[in-house]
Structures are given as structure tokens and as C-alpha cells.
Amino acid sequence: MTLEDYQIFVDGLVSGQSKVDFTSKLLTSALGLAGETGECLDFVCKEFNKEKFVEEMSDLMWYFTLACNTLEKPLRDVLKDFATKVEFSNSPPDDFKNLL
């Protein structure tokens with residue numbers, strides 16, 4: 001699945017009030033990212049479980065992608081922006097550069 005395909009997939013899963021307007025979609029994204037980040041922290045601070053942590057990471061990715069879709073920003077562009085930003089302070093791993 002490409003990044004573009006994933007964005008289309010996520011857009012198809014949005015329903016209810018979250019699909020109605022910009023503010024609702026962005027609020028859903030922000031609250032979802034905060035909540036899922038908290039769940040990731042629980043696994044790190046309490047009892048680490050790799051499978052559950054990865055599951056929470058996939059939830060984070062869904063909310064992150066929802067935010068990108070809401071802002072009409074392709075995931076690829078966000079990744080490129082990050083790579084450009086960190087190049088000024090340090091060099092990203094070669095594997096990351098290959099994604100762009």
C-alpha cells in the first residue's frame with residue numbers, strides 16, 4: 001500500500017460528526033493522537049508489550065493521516081518537510097531518505 005493509498009483508505013473510514021466539518025475532523029485527529037500517545041506511554045512505563053505497542057502505533061498513524069487529510073496535506077509532503085527540517089540539525093537515517 002502506498003502512502004497515497006493509505007490516505008484514501010483512512011478518508012473512507014471517517015464517519016459521523018468527524019466527517020462533517022474541518023474543526024470536528026481536526027479535533028478528532030488531535031484528541032486521537034493525544035489519547036493514543038498516552039496508551040503508548042502506558043506500555044513503555046508499565047509492562048512493555050511489543051505487539052500492543054505496534055497496534056497503538058497503527059492507531060497513531062490513522063489519526064496522523066486523518067489530520068493530514070483534514071489539512072489537505074499529502075503524507076509524503078509531511079515526511080519530506082520533516083526530512084528537510086532535520087537535515088539542518090542532523091542527518092536522518094539513510095532508510096528514511098529512501099522513502100522520499
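Me: Which residues does Gln7 touch, not counting those up to four places away in sequence?
Reply: Happy to start there. In this predicted model, Gln7 touches Thr65, Cys68, Asn69, Lys73, Pro74 and Leu75 once residues up to four places away in sequence are set aside. Gln7 itself lies in helix α1.

Me: What makes Gln7 count as buried?
Reply: Its relative accessibility is 12%, and buried means under 20%. Gln7 therefore falls on the buried side of that cut-off.

Me: Why is Asp11 called partly exposed?
Reply: Asp11, which also lies in helix α1, has a relative accessible area of 34%. Partly exposed is what lies between the 20% limit for buried and the 50% limit for exposed, so Asp11 belongs in that class. The C-alpha atom of Asp11 is separated by 9.1 Å from that of Thr70, although the two residues are 59 apart along the chain.

Me: How do you know that α1 and α3 are roughly perpendicular or parallel?
Reply: A good one to work through. The two helices pack at an angle of about 90 degrees, with 9 Å between their axes. Angles of 65 to 115 degrees count as roughly perpendicular, and therefore α1 and α3 are given that description.

Me: Which residues meet where α1 packs on α3?
Reply: From α1 come Tyr6, Gln7, Val10, Asp11 and Leu13, and from α3 come Ser58, Met61, Trp62, Thr65, Leu66, Cys68 and Asn69. By type, the residues of this contact divide into seven nonpolar, four polar and one charged.

Me: What makes Asp11 count as charged in that contact, and Gln7 as polar?
Reply: Asp is listed with Glu, Lys and Arg as charged. Gln is in neither the nonpolar nor the charged list, so Gln7 counts as polar.

Me: Which residues make up the largest nonpolar core?
Reply: There are six: Tyr6, Val10, Val14, Leu66, Cys68 and Leu75. The elements giving two or more residues to this core are α1 (3-13) and α3 (50-70). Val10 touches Leu66 of that core, along with Trp62, Thr65 and Asn69, if residues up to four places away in sequence are not counted.

Me: How do you know that Tyr6 qualifies as buried?
Reply: Tyr6 has a relative accessible area of 17%, and the limit is under 20%, so Tyr6 qualifies as buried.

Me: Why is the aromatic pair of Tyr6 and Phe9 called tilted?
Reply: The ring centres are 6.0 Å apart and the planes make 35 degrees. Centres have to lie within 6.5 Å to pair, while stacked needs under 30 degrees and edge-to-face over 60. The angle fits neither of those two classes, so this pair is tilted. Tyr6 and Phe9 are three residues apart in helix α1, and are therefore separated by about one helical turn. Phe9, at 41% relative accessibility, counts as partly exposed.

Me: What makes Phe48 and Phe53 a tilted pair?
Reply: Their centres are 5.8 Å apart and their planes differ by 50 degrees. With tilted covering what is neither under 30 nor over 60 degrees, the name follows. Phe48 has a relative accessible area of 52%; exposed means over 50%, so Phe48 is exposed. A search of the whole structure finds three aromatic pairs.

Me: What elements does the protein chain have, and how much of the chain is buried?
Reply: The protein chain has five helices and zero strands. Buried residues make up 25% of its 100 residues.

Definitions and conventions:
Residues numbered from 1 in each chain as written. Predicted model: local features only at pLDDT ≥ 70, side-chain atom pairs only at ≥ 80, totals over all residues. Heavy atoms only, no water. Core = buried A, V, L, I, M, F, W, Y, C linked by side-chain atoms within 4.5 Å. Buried < 20%, exposed > 50% of the residue type's maximum accessible area, 1.4 Å probe, protein only. Helix = DSSP H or I, 4+ residues; strand = E, 2+ residues; numbered from the N terminus. Contact = heavy atoms within 4.5 Å. Axes fitted to C-alpha atoms, helices over the stretch in contact; angles between N-to-C directions. Parallel < 35°, antiparallel > 145°, perpendicular 65-115°, else oblique.
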